[in-house]
Amino acid sequence: MDLILSFFDKYLFTPHVYPVTWNEDWWVRQYISLLIVVTIASYLMYFVISGFSYLFIFDKKLRHHPKFIKNQEFLEIKVTIKTIPIISLITNVIFLLEVRGYSKLYDNVHDSPYGWLSIIMNGIFFIFFTDMLIYWIHRGLHHKLLYKRLHKLHHKWIIPTPFASHAFHPLDGFSQSLPYHIYVFLFPFHKIEYLCLFIFVNIWTVSIHDADYRVVDVLRPFINGSAHHIDHHYHFNYNYGQFFTLWDRIGGSFRSPSAFENQDPKSLIKQDIKQE
């Protein structure tokens with residue numbers, strides 16, 4: 001995150017925003033700058049990625065499903081607009097620690113033990129590590145002590161659209177994002193790779209809410225895609241995973257997607273409804 005902060009300091013904050021007495025390395029200024037940048041970037045990513053998915057991928061026939069809420073897209077967006085700034089307030093404490101050098105992020109490929117091989121292996125391990133933690137955090141959020149307080153809001157969208165991807169209680173969203181932030185304090189990681197995977201994670205989060213069930217046949221047993229996640233929204237206690245089905249299988253919460261059996265929510269929609 002320090003790369004992004006340095007860019008905005010050079011071209012925006014230092015010459016045009018802050019008083020000259022506010023040094024670039026002052027932690028208060030850094031936190032405020034991060035809050036501005038991360039909040040705006042989060043809104044942009046949300047509306048661009050979710051908007052594209054809704055316009056070009058999401059099957060709008062699902063809007064006619066009996067469990068689809070009136071004005072649901074508007075409600076999903078409304079929740080997200082309220083949620084993002086609150087999550088940013090909390091998350092930027094972690095980003096501030098990164099900027100001030102407390103993480104294990106590094107700049108150059110040559111700083112890693114095995115060069116490009118480390119970059120590749122770290123990316124793979126990042127996905128598997130975060131998938132494991134998110135599974136247990138997500139499953140924990142379904143516990144009766146936490147569900148109504150934190151996670152129930154996200155399950156309001158029984159037939160989610162891409163706009164539901166970030167429509168949750170702020171503490172729900174933060175807790176499920178925590179593994180991505182923890183990782184860079186435990187393991188060495190390249191800064192650019194971290195930013196790229198941060199964008200990928202947001203794209204993936206939207207994609208599992210887009211009702212596009214297509215997965216290469218050979219990967220169907222392993223990938224936790226939209227087909228799995230819509231069953232999670234619809235049937236509640238299954239398919240908690242983020243990227244893979246591994247931990248659902250280990251934890252006994254795996255459910256073979258209804259979509260693969262032609263029994264997904266679309267099958268409940270009358271056939272005579274024309275595609276929008």
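## Helices, a pocket and a cavity

Student: Let's start with the pocket. Which helix gives the largest share of the lining of the largest pocket?

Tutor: Keep in mind that this is a predicted model. Helices α1 (2–17), α2 and α7 each give two or more residues to the lining of the largest pocket. The largest share is 8 residues, and that comes from α2.

Student: Which residues lie closest to the centre of that pocket?

Tutor: The largest pocket holds about 330 Å³ of space. There are 18 residues lining this pocket, and the closest to its centre are Ile4, Phe8, Val37, Val38 and Ala41.

Student: How many of the residues lining the largest pocket are nonpolar, polar or charged?

Tutor: Val, Ile, Phe and Ala count as nonpolar, and that takes in the residues closest to the pocket centre, Ile4, Phe8, Val37, Val38 and Ala41. For the lining as a whole, the split is 17 nonpolar, 1 polar and no charged.

Student: Now the cavity. What is the volume of the largest cavity?

Tutor: The count comes to 1 cavity of 30 Å³ or more. Its lining has 33 residues, with His166, Phe168, Gly173, Ser177 and Asn202 nearest the centre. The volume of the largest cavity is about 650 Å³.

Student: Which elements give two or more residues to the lining of the largest cavity?

Tutor: Take two of the residues nearest its centre, Gly173 and Asn202. Gly173 falls in α6 (170–186), while Asn202 falls in α7, residues 191–207. The full list is α2, α3 (72–99), α4 (116–141), α6 and α7.

Student: And how does the lining of the largest cavity divide by class?

Tutor: Gly counts as polar here, which matters for Gly173, one of the residues nearest the cavity centre. Across the lining, the tally is 15 nonpolar, 18 polar and no charged.

Student: On to helix packing. Are α2 and α7 parallel or oblique to each other?

Tutor: Helix α2 (residues 27–56) packs with helix α7 (residues 191–207) at an angle of about 40 degrees, and their axes are 10 Å apart. Angles under 35 degrees count as roughly parallel, so the term for α2 and α7 is oblique.

Student: How many nonpolar, polar and charged residues are in the contact of α2 with α7?

Tutor: The crossing of these two helices is right-handed. On the α2 side the contact uses Met45, Ile49, Ser50 and Ser53, and on the α7 side Phe198, Ile199, Asn202, Ile203 and Val206. By class, that makes 6 nonpolar, 3 polar and no charged.

Student: What about α3 and α6, are they oblique or parallel to each other?

Tutor: Their axes lie 10 Å apart and the angle is about 20 degrees. Under 35 degrees counts as roughly parallel, so α3 and α6 are roughly parallel.

Student: How do the residues of the contact of α3 with α6 divide by class?

Tutor: α3 passes α6 in a right-handed crossing. The contact includes Ile86, Ile90 and Glu98 of α3, and Leu171, Phe174 and His181 of α6. The division is 12 nonpolar, 4 polar and 1 charged.

Student: Last one: at roughly what angle do the axes of α2 and α3 cross?

Tutor: α2 passes α3 in a right-handed crossing. The residues of their contact divide into 18 nonpolar, 6 polar and 2 charged. The axes come within 8 Å, and they cross at roughly 145 degrees.

Notes: Residues are numbered from 1 along each chain as its sequence is written. This is a predicted model: local features need pLDDT of at least 70, side-chain atom pairs count only at pLDDT 80 or more; totals for chains, interfaces and linings use all residues. Side-chain values use heavy atoms; hydrogens and water are left out. Axes are lines fitted to C-alpha atoms, for helices over the stretch in contact, and angles run from 0 to 180 degrees between N-to-C directions. Helices (H or I, at least four residues) and strands (E, at least two) are DSSP runs, numbered from the N terminus. Angles under 35 degrees count as roughly parallel, over 145 as roughly antiparallel, 65 to 115 as roughly perpendicular and the rest as oblique. A crossing is left-handed if the near helix is turned anticlockwise from the far one by less than a right angle, and right-handed if clockwise. Contact means heavy atoms within 4.5 Å. On a 1 Å grid over the protein atoms alone, a cavity is a set of points where a 1.4 Å probe fits but cannot get out, and a pocket is an open set with protein on both sides within 12 Å along at least five of seven lines; lining residues have an atom within 4 Å of a point. Grid points are joined across faces, edges and corners, and a volume is the space filled by probe spheres set on the points.
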